[in-house]
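Reader: I'm new to this one. Can you walk me through it?
Author: Sure, take a look.

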Amino acid sequence: MSRGRADGGSKKRLVTSVLILVIICGGLYMYTKRNGSTALEYSSKIRKFGSTYLGGDEEVDETPPKLGEDEDDGVILKSIPVCDDRHSELIPCLDRNLIYQTRLKLDLSLMEHYERHCPAPERRFNCLIPPPPGYKIPIKWPKSRDEVWKANIPHTHLAKEKSDQKWMVVKGEKIGFPGGGTHFHYGADKYIAAMANMLNFPKNNLNNEGNLRTVLDVGCGVASFGGYLLSSDIITMSLAPNDVHQNQIQFALERGIPAYLGVLGTKRLPYPSRSFELAHCSRCRIDWLQRDGILLLELDRVLRPGGYFAYSSPEAYAQDEEDLRIWKQMSALVERMCWKIAAKKNQTVIWEKPMTNDCYMARKPGTQPPLCRSDADPDATWDVKMEACITPYTEQIQRARGSGLAPWPARLTTPPPRLTDFGYSTDVFEKDMEVWQQRVDNYWNLLSPKINPDTVRNVMDMKAHMGSFAASLRSKPVWVMNVVPEDGPNTLKIIYDRGLIGSIHSWCEAYSTYPRTYDLLHAWTVFSDVERKGCSAVDLMIEMDRILRPKGFIIVRDKPKVVEYIKKYMKALHWEAVASADADQDEDDAVLIIQKKIWRTSESVRELE
């Protein structure tokens, strides 16, 4: 009897164990269906190059060889997996699923969940990001400022949520942008002219005869403010996080308007000190008083001497008790920061930053916020925490009583004062401009069979140095995001002083942008730099493919062995070589121009030439 009871107990335990196993497996399956990629999941530790949605039939598990390693010249990788369709908008370093899965402990009140948190190499999606079903080649600039294809960004909730503010409207297969905003329902153009009038600028033009060129728009929405400034020769870095207004930066870039995914949280913005003539916030819902005014002090850091902060918000005009309290405290804070009201009318106040250190030196001892330490680097931005202090000017600024920059467009080709920070002479600057003008002319000659004047709009220079590549494109209807490596000379301040825009970045990580946002990527020795750091050239190619629009172009300028290495992966990436040039006698670099093909996933993709 006792044996019989024990035997029955074993059977019950076996049945129970099987049921538990089935439940666990079922739960894992449902989780994978909901969160995973059919190509590669987070935490996969082996790259799987082989079968894909695109018809590949071989399974090859391997770690790709590094640049310069011996490999069979006949080996060509056949395919790279395609991510699940639900990842068509994946931003690897701004991925909420990664935060949930790794259980990062973040302070939501400080917006840390909107800051960059990149997956470790073993947790990356080593697969190609598919376009959404029905994807079309984007509408060309300047028409794209006012309308985009709905299929390319199939999100219409902002049209409903902001219908009274005229952010955007759905019009059949397209989404239109009337030019409205939270505080400029009647159009950004009228709002911009009103600001210029408040400041008594000539002809109600906010560019102030070329003296106001670079703008930072914080909490930019779909970037209509920056879009309408372009016609005044003003370029705007439109900044917003991937928050409840999801896809706002994606809409901006689809429209052909400069934009960047970022947030005023705990870390410095990826821009040097003294980069912008104007910062703008139209009801951006930022608590400027928090943490001793640290966010307003970050704006102060990136504003030029005599720069403006235009603030359109209820605190500037409302009369209820809470708004009056905020206005009183904010006014006291900016007064201690030595800002003065340049103009105030209706819903908008515009403050002006001092031109020199005189006001800072005249403050009473112990006045808060304090001046930053004399040994602090105001231009260090990569993964650097904000500080609640005022960045004083250099002796050069104090003597010049301002930035000493030429008005636009002369600013683009005039050697900026901060050249001396790097020991560069005027001759070095002018020679750099001459070299890159010749290179860009050669690039466009190679591209000419493939492009029309309006083919290229959004351009990224992945290693911009002094910005001469972008400057050489001044006659073309493009804008350039100039990227400067985080570990090299911080020449981004020279780029901003030339009236251009850009950001600091490490190409060992994914860039803060949506997929399919750039028409052309320029990679000058970027692959060699990544390999030198011990990072993966294949990861970089997959990231470049994510950023690049279908039918977009990549210009690789690097060592011949790098070019040959890339060629081995082109079929797997669905890239096509359209032109090349051997290294010149005076240079070691070869040139390869690539075009990304449109390809189909398990969902249909509408291909429009």
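Author: A disulfide joins Cys508 to Cys535, with S to S at 2.0 Å. A disulfide here is a pair of cysteine sulfur atoms within 2.5 Å. This is a predicted model: local features need pLDDT of at least 70, side-chain atom pairs count only at pLDDT 80 or more, and totals for chains, interfaces and linings use all residues. Residues are numbered from 1 along each chain as its sequence is written, and side-chain values use heavy atoms, leaving out hydrogens and water.

Reader: Which parts of the chain does the pair link?
Author: Distant ones, 27 residues apart. Cys508 is in the loop between strand 15 (501-505) and strand 16 (518-524). Cys535 is in the loop between helix 15 and helix 16. Helices (H or I, at least four residues) and strands (E, at least two) are DSSP runs, numbered from the N terminus.

Reader: Is that disulfide right-handed or left-handed?
Author: Right-handed, because the torsion about the S-S bond of Cys508 and Cys535 is about 95°.

Reader: And the one between Cys281 and Cys284?
Author: That disulfide is left-handed, since its torsion is about -95°. Its S to S distance is 1.9 Å.

Reader: Is Cys281 buried or exposed?
Author: Buried, at 1% relative accessible area. Buried means under 20%, exposed over 50%, partly exposed in between (1.4 Å probe, protein chains only).

Reader: How many disulfides by this rule?
Author: The count comes to 6.

Reader: New topic. Which residues of helix 17 are buried?
Author: Val562, Val563, Tyr565 and Ile566, in a helix covering residues 560-567.
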